[in-house]
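I opened this notebook to practise reading a structure slowly, one lookup at a time. Below is the model I worked from, followed by my entries in the order in which I made them.

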2 protein chains.
Amino acid sequence: MFYDLTVVQASKMLGSLKTMLEKAALFAEAKKINPEVLLTSRLAPDQFSLIRQVQICCDTAKLGAARLAGKAESAPKHEDTETTLEELYARIASVQDYLATYKELDFADTAAREISLPWLDGKKMLGSAFAINFVVPNLYFHVTTAFSILRHNGVDIGKLDYLGSIPFLD
Amino acid sequence: MFYDLTVVQASKMLGSLKTMLEKAALFAEAKKINPEVLLTSRLAPDQFSLIRQVQICCDTAKLGAARLAGKAESAPKHEDTETTLEELYARIASVQDYLATYKELDFADTAAREISLPWLDGKKMLGSAFAINFVVPNLYFHVTTAFSILRHNGVDIGKLDYLGSIPFLD
């Protein structure tokens with residue numbers, strides 16, 4: 001379940017994020033504007049820009065899975081230097097590649113794993129609480145905020161771009 | 001896990017939504033504006049307003065849990081007639097009360113339950129797929145969109161209002 005929730009689904013949501021950015025690229029082209037206008041947009045002056053939203057989506061996904069699997073050290077490092085769409089696509093792909101190294105068995109001990117975060121002053125939570133109360137809400141928060149920034153700017157994206165494919169039964 | 005993910009956590013997120021609305025009420029009071037200005041706001045002309053976002057959060061939570069537990073008929077009906085903050089608080093409370101009737105055991109058969117939705121033309125998905133690919137992303141999408149609408153309008157809310165309390169170990 002943790003694998004499906006934080007690896008398979010997170011990777012799918014990163015795919016949705018890429019779809020939104022690709023539609024942003026088409027929008028910028030049609031409007032003859034620099035895509036950077038969109039990438040540096042935000043919905044409030046003290047909110048992170050779209051670039052930072054994408055970076056946080058990527059970090060939430062990679063570090064979420066890594067910490068839940070007890071492999072925090074294995075996560076690829078990213079320096080947060082992206083300024084272009086191509087660089088954001090590459091970062092997304094890098095995290096999707098990393099997530100693809102995980103298997104369901106990597107999360108066999110996740111529910112009871114004690115997880116502490118660098119900025120939490122030694123406080124700990126169980127893996128199940130970390131996944132449900134922290135990783136999942138944060139991932140969707142930043143994917144949706146990216147969506148909202150683009151939507152507010154007029155990019156033609158909708159709920160299906162966000163949800164991605166639904167695995168129906170045959 | 002489905003209980004924690006779609007009942008306990010969904011109820012907490014509805015609490016976060018109420019917190020945001022309460023801060024919107026304070027903001028409206030300080031600015032001497034009618035709260036309805038915020039409740040009818042949206043980030044794009046063809047997006048649902050804040051009122052509708054709150055209604056959908058409530059429906060996603062109540063129907064998500066109900067369908068996952070195989071009790072769709074038990075969910076309280078709501079007519080989508082809310083126009084005021086007080087009415088939205090009442091709707092949130094009604095769904096939180098409904099969610100409180102569930103126990104972990106109600107989700108014992110959820111993973112393998114075949115779920116079909118009225119608008120899906122007979123297509124079905126497993127309970128686990130429905131929870132992870134549909135209920136959870138939709139809930140966070142609409143809570144975050146409500147957050148973004150208020151944030152864009154200048155209401156003083158932040159990530160901690162959204163995340164709510166994190167269950168740390170003692």
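**Entry 1: how the two chains are related**

I began by superposing the copies, and I found that a rotation of 180° with 0.0 Å of shift along its axis places chain A on chain B, with an RMSD of 0.0 Å. I wrote beside this that such a relation is that of a two-fold axis. I keep in mind throughout that this is a predicted model. I then looked up whether the copies use the same surface or different surfaces, and I noted that the same surface serves both, since 100% of the contact residues of chain A recur in chain B.

**Entry 2: the interface**

How many residues of each chain are in contact with the other chain? I read off 40 residues of chain A in contact with 40 residues of chain B. The area buried between chain A and chain B came out at about 3,800 Å², and I noted that carbon and sulfur atoms give 70% of it.

I next turned to the polar side of the interface of chain A and chain B, where I found 16 residue pairs in polar contact. Looking at which elements of chain A give two or more residues to the side that touches chain B, I listed helix 1 (2-31), strand 2 (124-126), helix 5 (127-152) and helix 6 (159-163). Among these, helix 5 of chain A gives the most, with 16 residues. When I sorted the residues on the side of chain A that touches chain B by kind, I had 22 nonpolar, 10 polar and eight charged.

**Entry 3: salt bridges between the chains**

Before looking at particular pairs, I reminded myself that side chains of opposite charge can pair when their charged atoms come close. The count over all chains comes to 20 salt bridges, and two salt bridges lie across the interface of chain A and chain B.

I looked up D46(A) and R151(B), whose side chains meet in a salt bridge of 2.8 Å, N to O. This pair crosses between chains, and I traced it from D46(A), in the loop between helix 2 (35-39) and helix 3 (50-68) of chain A, to R151(B), in helix 5 of chain B. Are these two partners buried or exposed? I found that D46(A) counts as exposed at 61% relative accessibility, whereas R151(B) counts as buried at 14%.

I then checked D46(B), and I saw that D46(B) forms a salt bridge with R151(A), the closest N and O atoms being 2.8 Å apart.

**Entry 4: salt bridges within a chain**

Within chain A, I followed R91(A) to D80(A), and their side chains meet in a salt bridge of 2.7 Å, N to O. This pair links distant parts of the chain, for R91(A) lies in helix 4 (residues 85-99) of chain A and D80(A) in the loop between helix 3 and helix 4, 11 residues apart. I noted that R91(A) is buried, with a relative accessible area of 2%, while D80(A) is partly exposed, at 33%.

In chain B, I looked at K62(B) and D59(B), whose side chains meet in a salt bridge of 3.4 Å, N to O. Both residues lie in helix 3 of chain B, three residues apart, which is about one turn of the helix, and both K62(B) and D59(B) are buried. Going back to chain A, I found that salt bridges sharing partners join R52(A), D59(A), K62(A), D80(A), E82(A) and R91(A) into one network.

**Entry 5: two backbone angles**

Which residues other than glycine have a positive phi? I noted D121(A), with a phi of about 60°, and K32(B), with a phi near 55°. D121(A) is found in the loop between strand 1 (114-116) and strand 2 of chain A, and it is exposed, with a relative accessible area of 76%. K32(B) lies in the loop between helix 1 and helix 2 of chain B, and K32(B) is likewise exposed, with a relative accessible area of 75%.

**Entry 6: one residue in helix 6**

My last lookup was L160(A), which lies in helix 6 of chain A and counts as exposed at 68% relative accessibility. I compared its position with that of I132(A), 28 residues apart along the chain, and the C-alpha atoms of L160(A) and I132(A) are separated by 23 Å.

Notes. Residues are numbered from 1 along each chain as its sequence is written. Chains are lettered from A and ligands numbered from 1 in the order in which they are written. This is a predicted model: local features need pLDDT of at least 70, side-chain atom pairs count only at pLDDT 80 or more; totals for chains, interfaces and linings use all residues. Side-chain values use heavy atoms; hydrogens and water are left out. Contact means heavy atoms within 4.5 Å. Buried area is the accessible area (1.4 Å probe) that two parts lose on being put together, summed over both. A salt bridge is a side-chain nitrogen of Lys or Arg within 4 Å of a carboxyl oxygen of Asp or Glu. A polar contact is a pair of N or O atoms within 3.5 Å; within protein, one must be able to donate a hydrogen and the other to accept it, and residues adjacent in sequence count only if both atoms are side-chain atoms. Helices (H or I, at least four residues) and strands (E, at least two) are DSSP runs, numbered from the N terminus. Ala, Val, Leu, Ile, Met, Phe, Trp, Tyr, Cys and Pro count as nonpolar, Asp, Glu, Lys and Arg as charged, and the others, Gly among them, as polar. Buried means under 20% relative accessible area, exposed over 50%, partly exposed in between (1.4 Å probe, protein chains only). Copies are superposed by least squares on the C-alpha atoms of residues with pLDDT of at least 70 in both.
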